[in-house]
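Q: Could you take me on a close look at the place where two of the chains meet, and then show me how it fits with the rest of the assembly? I work at the bench, so plain language is welcome.

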6 protein chains.
Amino acid sequence: MPSRFVCFGEVLLRLGAPGRQMLLQSPQFEVFVGGAEANVAVSLARFGHAAAQVGVLPDNPLGAAAAGELRRHGVDTRALATGPGRMGLYFLTPGAVHRPSEVFYDRAGSAFALADPDRYDWPALLAGVDWLHLSGVTPALGERAAAAAIAAAATARRLGVKVSFDGNYRPKLWEAWRGDAPGLLKQILANTDLLFADHRDMAVVLGTEFNEATTEARVEAAARAAFAAFPGLGRLATTLRTQHSVDHHALCARMVSRDGAVCATGSHEIAPIVDRIGAGDAFAAGVLHGLASGLDDGAALNFGLGAACLKHSLPGDFNLLGADDVAAFVHQGRFDVRR
Amino acid sequence: MPSRFVCFGEVLLRLGAPGRQMLLQSPQFEVFVGGAEANVAVSLARFGHAAAQVGVLPDNPLGAAAAGELRRHGVDTRALATGPGRMGLYFLTPGAVHRPSEVFYDRAGSAFALADPDRYDWPALLAGVDWLHLSGVTPALGERAAAAAIAAAATARRLGVKVSFDGNYRPKLWEAWRGDAPGLLKQILANTDLLFADHRDMAVVLGTEFNEATTEARVEAAARAAFAAFPGLGRLATTLRTQHSVDHHALCARMVSRDGAVCATGSHEIAPIVDRIGAGDAFAAGVLHGLASGLDDGAALNFGLGAACLKHSLPGDFNLLGADDVAAFVHQGRFDVRR
Amino acid sequence: MPSRFVCFGEVLLRLGAPGRQMLLQSPQFEVFVGGAEANVAVSLARFGHAAAQVGVLPDNPLGAAAAGELRRHGVDTRALATGPGRMGLYFLTPGAVHRPSEVFYDRAGSAFALADPDRYDWPALLAGVDWLHLSGVTPALGERAAAAAIAAAATARRLGVKVSFDGNYRPKLWEAWRGDAPGLLKQILANTDLLFADHRDMAVVLGTEFNEATTEARVEAAARAAFAAFPGLGRLATTLRTQHSVDHHALCARMVSRDGAVCATGSHEIAPIVDRIGAGDAFAAGVLHGLASGLDDGAALNFGLGAACLKHSLPGDFNLLGADDVAAFVHQGRFDVRR
Amino acid sequence: MPSRFVCFGEVLLRLGAPGRQMLLQSPQFEVFVGGAEANVAVSLARFGHAAAQVGVLPDNPLGAAAAGELRRHGVDTRALATGPGRMGLYFLTPGAVHRPSEVFYDRAGSAFALADPDRYDWPALLAGVDWLHLSGVTPALGERAAAAAIAAAATARRLGVKVSFDGNYRPKLWEAWRGDAPGLLKQILANTDLLFADHRDMAVVLGTEFNEATTEARVEAAARAAFAAFPGLGRLATTLRTQHSVDHHALCARMVSRDGAVCATGSHEIAPIVDRIGAGDAFAAGVLHGLASGLDDGAALNFGLGAACLKHSLPGDFNLLGADDVAAFVHQGRFDVRR
Amino acid sequence: MPSRFVCFGEVLLRLGAPGRQMLLQSPQFEVFVGGAEANVAVSLARFGHAAAQVGVLPDNPLGAAAAGELRRHGVDTRALATGPGRMGLYFLTPGAVHRPSEVFYDRAGSAFALADPDRYDWPALLAGVDWLHLSGVTPALGERAAAAAIAAAATARRLGVKVSFDGNYRPKLWEAWRGDAPGLLKQILANTDLLFADHRDMAVVLGTEFNEATTEARVEAAARAAFAAFPGLGRLATTLRTQHSVDHHALCARMVSRDGAVCATGSHEIAPIVDRIGAGDAFAAGVLHGLASGLDDGAALNFGLGAACLKHSLPGDFNLLGADDVAAFVHQGRFDVRR
Amino acid sequence: MPSRFVCFGEVLLRLGAPGRQMLLQSPQFEVFVGGAEANVAVSLARFGHAAAQVGVLPDNPLGAAAAGELRRHGVDTRALATGPGRMGLYFLTPGAVHRPSEVFYDRAGSAFALADPDRYDWPALLAGVDWLHLSGVTPALGERAAAAAIAAAATARRLGVKVSFDGNYRPKLWEAWRGDAPGLLKQILANTDLLFADHRDMAVVLGTEFNEATTEARVEAAARAAFAAFPGLGRLATTLRTQHSVDHHALCARMVSRDGAVCATGSHEIAPIVDRIGAGDAFAAGVLHGLASGLDDGAALNFGLGAACLKHSLPGDFNLLGADDVAAFVHQGRFDVRR
């Protein structure tokens, strides 16, 4: 039974070096389309849901190509408008072994960031929708984008559309315009049902440090603090990542609700990583799919973690795997060639 | 002292996605030539033997390219005829980490499958030959191919040409035409000297389950059952593969003969795998080389296992390494740059 | 405070197979510029020093391209002259798993090897310079190159320019012209301040075997023997490499001085290796940077080892990372995406 | 004012050699999605119309990729179903100078050709639609596809949906199943409003030779004969192509209606051609756009010819240019860089 | 006898589609470094002069790569500073046949445009220099860049450094900030010795239309008007381009001085064009080389035209050919393979 | 009725820049196998003849790859031995428009050039052979290669094997060792039946200038002089090439025999050229095929010219087209897509 999702956020182009080269070591960029919320939209569409992306792109071939790529993967792009401004870009130097990957953004002045928040007719955009998904990248882009995200969440709450919010705290973006991160994020969290965040995100929002002994305890404490601060909030979920090297991580996950907490069934070793970017978005999409499909919290979390793990095997920002692929990994975990 | 080998089977084109991408994630296919028996032929030619491929290809540029590629690697293609029908293709989505590689065949209606079994003049094709190599893929392709394989094995036995047969059980191919796998395979096994198979292959042929406690015991039991059922059969060899992840396997091997059994010297960790396809064929070619070169069973098995391991380091279906390369790995196992 | 370095040696083109293919498995070469001393020059330039390459290249597009590539990465190429002869090439088959990488040289008759040793005006080339860097590849190229290297070292010593020498013993090159390796190398070592070499290199030079129980002890003994033989020598440094497989090495390092010895802080696991070539040169450049920057021996060694480790993450012969990147790895070792 | 179009036909993958190489001269295929009717659909979508593709694709990654590519370019793929059978392929050796390009089809047994004609619910598929576009490729694929095309045209006529039909006579396809081309094509033409065909196509359908002195006269005579045979037919349009070499063609166009005939304004020299495939489909889409947009016959023909010319400048089967691009060429014809 | 040149302007990255594809038709950009003045600098360096680029780049890997590329081709980049702001980009859709190439700029907010004009110490930068080269792109980038260009020209005139100015009128850039093009350009022209411009450029500056019957007459009239308006101006040179199609242009050139005018020896047909971008800059560099080398006006113009023609044969913005290559074309015009 | 050919000469690797780039403008080489005589062998094999290549290659992966490539295209490589020395290379900068392609050889010290002429057992190699093909490149490589070519021709004449010789005069190769070109070439021509040469080649051999008014007359005079000097010579054939630009040539051909002369039917315009290298070898192979197949001189010449023209359409040194393709061009000259 597919659900209806709306994702709101900036669609970006990733320009990256091929192989494991340094940026422009050879004169070529591999291009992928991404953006935290668009990644979620693509994944949900691949899982069989009706997923629409809302936002603004420049009226040029780059914007058109980005929208086309979302459409290709099944996302409804009818609410992706065009407007003045440039295409948001980010540049990736893919890392290896002990050399971390490096991302730098080139998204200032983007059509999305410049868009008037009043141009979004939220009641119309959210009519008949089950879930609205937002992320902390959007309010970090500037006053206009923040206002739009806040309005979207408020309208959703008013209309009975559930709100999913992924913290995605990006200090550099906030610093660039000296935005009031805690103040703006609180306005979104006030209308959020499902929050993807860990203790560090919550520390930013609430101004509290979480110094419990273990990561699990810190996440638990942060969740409880969040529940206290935001009465409408129902769940907080997060992956827990250990980095042995750039190519070798381990991933587990935890979801806390008002009446309990679940852990994913075990931690997964991921090596060698093909592309780590978008794994958090794949996790969010997986958990959303699980909850929207009626799985219990534990099963939804495992599905989300499975999706996050599988994302590491794919070049690009999108998790292109279907729900069957994720389920096969979660339930069987067979690794030989399928013929 | 080189030996003379004839390999009979379908030559295929592999169309795969570059990097670790999904199929057609970007609009390009990398092409390799393969086919279980052709892989063995190439490997044997690289080991210095006279290896000929027998079969039928379409009379178009794809068929010509496939034959040319075999010739390039030293295989005698004079007995690769052309006939009506299409080129057999298979498509590969290369996997990574927890995402298994996926192969789907597009070989229905191929020139090889459509070829009249009477077109092969086996006494002429096998004159002066030491070994005939077949695999279970061929009878799985349909009545005609099965009849040809059975006739080849029978003629070989009659002429004193030793027969090597690699089980390669492919359920989907058999199901597509509801072929009588056990019945047809038995006719080949009746004339087989050296069998590459494990307990699961033998279960299909003999209709018996092998439930011994360990894999080694199951292989042993299956071999004994095979020796009982097929009086002409002399040896059964198999690799034993453990899959930690898509990129990390461990491989050992076992060969059972009527008067004993040998294990390879230790198991090899293989990570990160470059291309796992064709490893079984590299193993078969390695064992054949060992036996044909007068090595004892243990040394032949180690050589086969070494060849199988090294195949994982090479893109494509073929093991392009020479006998010296395999011997260097088996005997020294040095891993730094050779200058 | 940048220092001034002169590197003297042959600049080569590397022609390698893409991916992990065999040479000419597909009809393409990826090209990188390299050469033991040029690799050091590039790395030092990236670390912020003034690094000049001295040598001779052919007067053709290959020579021009090689010089251009050095210039691109910040090396001063004004002393890279042109002369009769060909471009030195080397061909690389990149290995994987259990299949070692293979290099073969095609540098006979190169413009560098043919260059008259008298064409180098060493007093002018070394005026105002802090360090001269040489390697054992140069004397191995033939009488003329050996004479030039010996003259360079002698002039440097005379002018108070410190001399760094990397053993880089290449038996095949010496054998090609039956050069007297010990005799010629001794003439360079007599004027060397900092020697990159291990016990095997010293065995060649001194004609002594070092059979101590551990590698550490052998290196220590070799260093002491070197100090005894060459009164001007101050330090001997080397990496210690363990090869688990072609893709997985472990690296630590040791530096011995007349009054002590230091070990790097721990050994680093490197997997999966992107490109191992040039790691030794990256180490030399790192140690030189450390010493030239006033670090103590331990810190300089750790910096060198960090540079060597990071080089494994980059395609090509050059270590393109900056001093900050190396310091970040040495001091923090964080592996997640930097945004 | 956009119109609504439905295109019915097989969607294919084109696998071609890169550059101007022979097929598999190097081991790679460049992949494009095509198919006569899908090419029209993409072009119409790019011109701003609502264009839907109807058909059947295999339920595998190739079928999914093909549908995704149509969606990417704005085609409505909700009526692209999946069914048993394989993906239709065609292989292209791109020609040059005096060496003609070569196409061979590998589409036997495709999901489209095997699809039961009853699975298409034409009244539903055509509800509210302005134009149905078909081509002569579809009935050439076999009895089932022919029946479906005939039913589609008949339903369209009955519902007042205009029918556009592009002759696209492919003798090899008809011969493969000995289909009654004239008989089946007549059933479609009986319900056609706008026919893309020349005198050779009409000769096949009507069994008459057109031997007038000039091509223009033959086209005129063929059109008049078609109007006589098919009372519902309103217009016949065709390009007229002269081939100076593989890379240099000249193109003009002619449209005949019951009450007159128009010629395009002049002939266009096209050199050097980038990719000629799909130019006829671009022409059909251009004429359809012109007529649907209310242009008179001459202007619609010029627009169609402009679209056809521009298609030659683009790799792949699709004409990806917008109506503004075509208009700019038709009305201004400026060739310098647009900044 | 090499001269010393300083070029001042923005260095850009060009991101273009491969082959003749539409932008992002496949997910890849080919990257070239360019910029009107940098193109001149590279060409002059290739002709053997000392050429330095002055400007500001962002302090990120893109800026570093751009500077490295200039250095690779022999340009002195010591006066290329870094500063706040982004990298200037432009996107190129390469055209073909009747489809014009399209460039769109993404350079707003670049480090160069944001740079404070006071940061350039022109007396120091121009000390000992023979020529300063500027173009009309720089003042079009905004108030700061315009002020810097004006100051540069004024300082040069004061110091006796000759000033070369290439009109390069880009209406879209001026419109973006409503800059007073005539007013600002006049301040540069007042100090210009050699002007690359045609009658359209002069119409913008002087506010006069030039309606003479032929292009030659209009250029002549514009030059005379320029000489009248700017007493220090010595010469005006321009190419005259006829566009038969996107791939086929014809090029001739004219230079007017106070005491006469010269035409290039004949017009050159250029087909098929590989890359037309940068041809004007190659012309400017060629004329500058000719004049700086003491050629008379006719020979300098022919050299400039030859350089412009040859640029069309090379991918990228730079003319990488040497003075000998240009001379060989101008004087011999042989077209067969040189061995 | 296929004939048996032996081609003797050096097999080379071509390393070229991709696209129309300068050498190493981007860090990649495209690799093709070539060599004047090997090109003829491949073409003859493609035309259906038995063609063997005789020569010596280095015992390394480059030599093995070159032999494999010949085998792939149907050439018998059993007489391609290995020996000491390096692989002969040549580097190609592909030209365009007015910029000529540039080749430089890097073949000094090759295994072929170093091979002892006594290692070729010509009576055995030529047993049962119809034609021996040689070219002027071989004697130009040095004393040993010259001796081998002279011995081959003499043995052939003695055994009744016809000798075909292609002048291919390469001044730079002769100058490198100051070889006596006229003296050595005469020894080969004394045993030649069919000579591919023009008046410039004959001027070198005979020391006479041919100053007739037209090229045709000069070729005629040169042929008559050759017939006078070499009594065994039966025919002289040559192409006549006009170069409008690097991308546009025109080609016709002429063959003179003792009793007459024939011209090809018309001249062919070739534009835009894909790859001109190997066209002369394609011509030689075409004429040889024609004569060996019993065509009259005119038809053989037309076939040769057709093959030469078609070669220009193909990347690489080899003409990969079959006899049917050539005949289709010669007899029909149709240029549209073949389906």
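**Where chain A meets chain E**

A: Happy to. In this predicted model, 20 residues of chain A are in contact with 20 residues of chain E. On the chain A side, four elements each supply at least two of the touching residues: β3 (28–34), α2 (61–72), β6 (89–93) and β7 (102–106). Among these, β3(A) gives the most, with 5 residues. By residue type, the side of chain A that touches chain E divides into 13 nonpolar, 4 polar and 3 charged residues.

Now look at the strands themselves. β3(A) pairs with β3 (residues 28–34) of chain E in the antiparallel sense, over 3 bridges. In this pairing, A:F29 stands opposite E:F29. As general background, strands of a sheet pair through backbone hydrogen bonds, either parallel or antiparallel.

Next comes the symmetry. Chain A is superposed on chain E by a rotation of 180 degrees with 0.0 Å of shift along the axis, at an RMSD of 0.0 Å. That is the relation of a two-fold axis. A:F29 turns up again here: in chain A, its C-alpha is the one nearest the axis, 2.5 Å from it. The same surface serves both copies, with 100% of the contact residues of chain A recurring in chain E.

It helps to turn to chains B and D, where an open sheet of 8 strands runs in the order β7(B)-β6(B)-β2(B)-β3(B)-β3(D)-β2(D)-β6(D)-β7(D), with mixed pairing. β7 (102–106) of chain B and β7 (102–106) of chain D stand at the edges, each with a single partner strand, so one side of each has no neighbour in the sheet. On average, neighbouring strands of this sheet are turned by 30 degrees against each other, direction ignored.

Within chain B, strand β2 (residues 12–16) and strand β6 (residues 89–93) run parallel and are joined by 4 bridges. There you can find B:R14 opposite B:Y90 of β6(B). Helix α2 (residues 61–72) of chain B lies across β2 and β3 (28–34) of chain B together with β6 (89–93) of chain D. The helix runs at about 55 degrees to β3(B).

Chain E also touches chain D: 23 residues of chain E are in contact with 18 residues of chain D. On the chain E side, β7 (102–106) and β11 (235–245) each supply at least two residues. That side of chain E divides into 8 nonpolar, 8 polar and 7 charged residues.

A few backbone details are worth finding while you have the model open. In chain A, a cis peptide bond joins A:A271 and A:P272, with omega about -10 degrees. A:P272 is found in the loop between β14 (268–270) and α11 (279–292) of chain A. In chain C, C:A271 and C:P272 are joined by a cis peptide bond, with omega about -10 degrees. The loop holding C:P272 lies between β14 (268–270) and α10 (279–292) of chain C.

Finally, look at C:N168, which has a positive phi of about 40 degrees although it is not a glycine. C:N168 lies in the loop between β9 (162–166) and α6 (171–177) of chain C. With 21 C-beta neighbours inside 10 Å, C:N168 counts as buried.

Definitions and conventions
Residues numbered from 1 in each chain as written. Chains lettered and ligands numbered in written order. Predicted model: local features only at pLDDT ≥ 70, side-chain atom pairs only at ≥ 80, totals over all residues. Pairing = 2+ DSSP bridges. Axes fitted to C-alpha atoms, helices over the stretch in contact; angles between N-to-C directions. Contact = placed C-beta atoms within 7 Å. Buried ≥ 20, exposed ≤ 12 C-beta atoms within 10 Å, placed from the backbone. Nonpolar A, V, L, I, M, F, W, Y, C, P; charged D, E, K, R; others polar. Least-squares fit on C-alpha atoms with pLDDT ≥ 70 in both.
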